[in-house]
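Hi,

Here is the structure I promised to send over. Have a look at it first, and then read my notes underneath.

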Amino acid sequence: MSSSSFSVTWDYRCPFARNATEHLLDGLAGGAEWDVTWVPFSLNQVHVGEGDPDVWDDKSKSRSLFAMQAGIAVRDKWPELFPAVHRALFAARHDEGRDIREEGVVRQVLAEVGADADAVFDEIAGGGPLATFRKAHEEAVDSHHTFGVPTFIADGKAVFVRVMDRPKGDGDRARTTIDHILDLLTGWPELNEFKHTSIPR
């Protein structure tokens, strides 16, 4: 029996986070009774060199945090818009090749799905989303030794997952995929690693 309450880390830079997110969003849209907590995680911070400033404190990296802060702001202030914004920011980066490090691009993506870009960037200017981002990232590392996205967390256990396909709007397929992940995570923690040696082309 898979857990219906779980957390998932994301960073818009990662195509595997995009794949898992689409399964989650399509599954939820198709009626899956999951209680998902979306946890922001910074791949930039993971790759900070020894002795270098944390990404949150490095002004030269501030552009790379725009999209994530926008997603956090919408998740926390306008949750009804979060699924559309979340999907659109991933699509902008991975399907459309847009540079989501640019404020103008992020504003355009927000507007395209009906979000108030000015209001979102007012939240970002206030510093709240960045503080939330840092706290969530550090808690994920401290509590679960999280190192990447997407990481699924349930019942005190955490697993990094790479889903190779996209559901393409198929809610049943999406639910099956996520339920398989949760079943392994919570029902068979003894399976520590299972990785194909090659990817069919």
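Below is what I found, starting with the sheet and moving on to the helices.

One thing to keep in mind is that this is a predicted model.

**The sheet**

The sheet is an open one of 4 strands, in the order S2-S1-S3-S4, and its pairing is mixed. S2 and S4 (157-160) sit at the edges with a single partner strand each, so one side of each has no neighbour in the sheet. On average, neighbouring strands here are turned by 20 degrees against each other, if you ignore direction.

S1 (residues 5-10) is a good place to start looking. This strand is mostly covered, with 5 of its 6 residues buried. S1 and S2 (residues 35-40) run parallel and are joined by 6 bridges. If you want a pair to find on screen, phenylalanine 6 has valine 36 in S2 as its bridge partner. To get from S1 to S2, the chain passes through helix H1 (residues 15-29), and this β-α-β crossover is right-handed.

S1 also pairs with S3 (residues 151-154): those two run antiparallel, with 2 bridges between them. Here you can look for valine 8, which stands opposite phenylalanine 152 in S3.

**Helix H7 and its histidine**

Helix H7 (residues 128-144) lies across S2, S3 and S4, and runs at about 105 degrees to S2. Histidine 137 has its place in this helix.

Is histidine 137 buried or exposed? Its relative accessibility is 4%, and the cut-off for buried is under 20%, so histidine 137 counts as buried. And what does histidine 137 touch, leaving out residues up to four places away in sequence? The answer is Pro40, Phe41, Ser42, Gln45, Val46 and Trp56. Of these, Pro40 falls within S2, given that the strand covers residues 35-40.

**H1 against H8**

H1 turns up again in a helix pair. The axes of H1 and helix H8 (residues 171-187) come within 8 Å and cross at roughly 120 degrees. That makes H1 oblique to H8, and the crossing is left-handed. On the H1 side, the contact is made by Ala20, His23, Leu24, Asp26 and Gly27. H8 brings Gly171, Arg173, Ala174, Arg175, Thr177 and Ile178 to the contact.

That's what I have for now.

Cheers

Methods:
Residues are numbered from 1 along each chain as its sequence is written. This is a predicted model: local features need pLDDT of at least 70, side-chain atom pairs count only at pLDDT 80 or more; totals for chains, interfaces and linings use all residues. Side-chain values use heavy atoms; hydrogens and water are left out. Buried means under 20% relative accessible area, exposed over 50%, partly exposed in between (1.4 Å probe, protein chains only). Two strands pair if DSSP finds at least two bridges between them. A crossover is right-handed if, with the strands pointing away from the viewer, the path from the first strand over the helix to the second runs clockwise. Axes are lines fitted to C-alpha atoms, for helices over the stretch in contact, and angles run from 0 to 180 degrees between N-to-C directions. Contact means heavy atoms within 4.5 Å. Angles under 35 degrees count as roughly parallel, over 145 as roughly antiparallel, 65 to 115 as roughly perpendicular and the rest as oblique. A crossing is left-handed if the near helix is turned anticlockwise from the far one by less than a right angle, and right-handed if clockwise.
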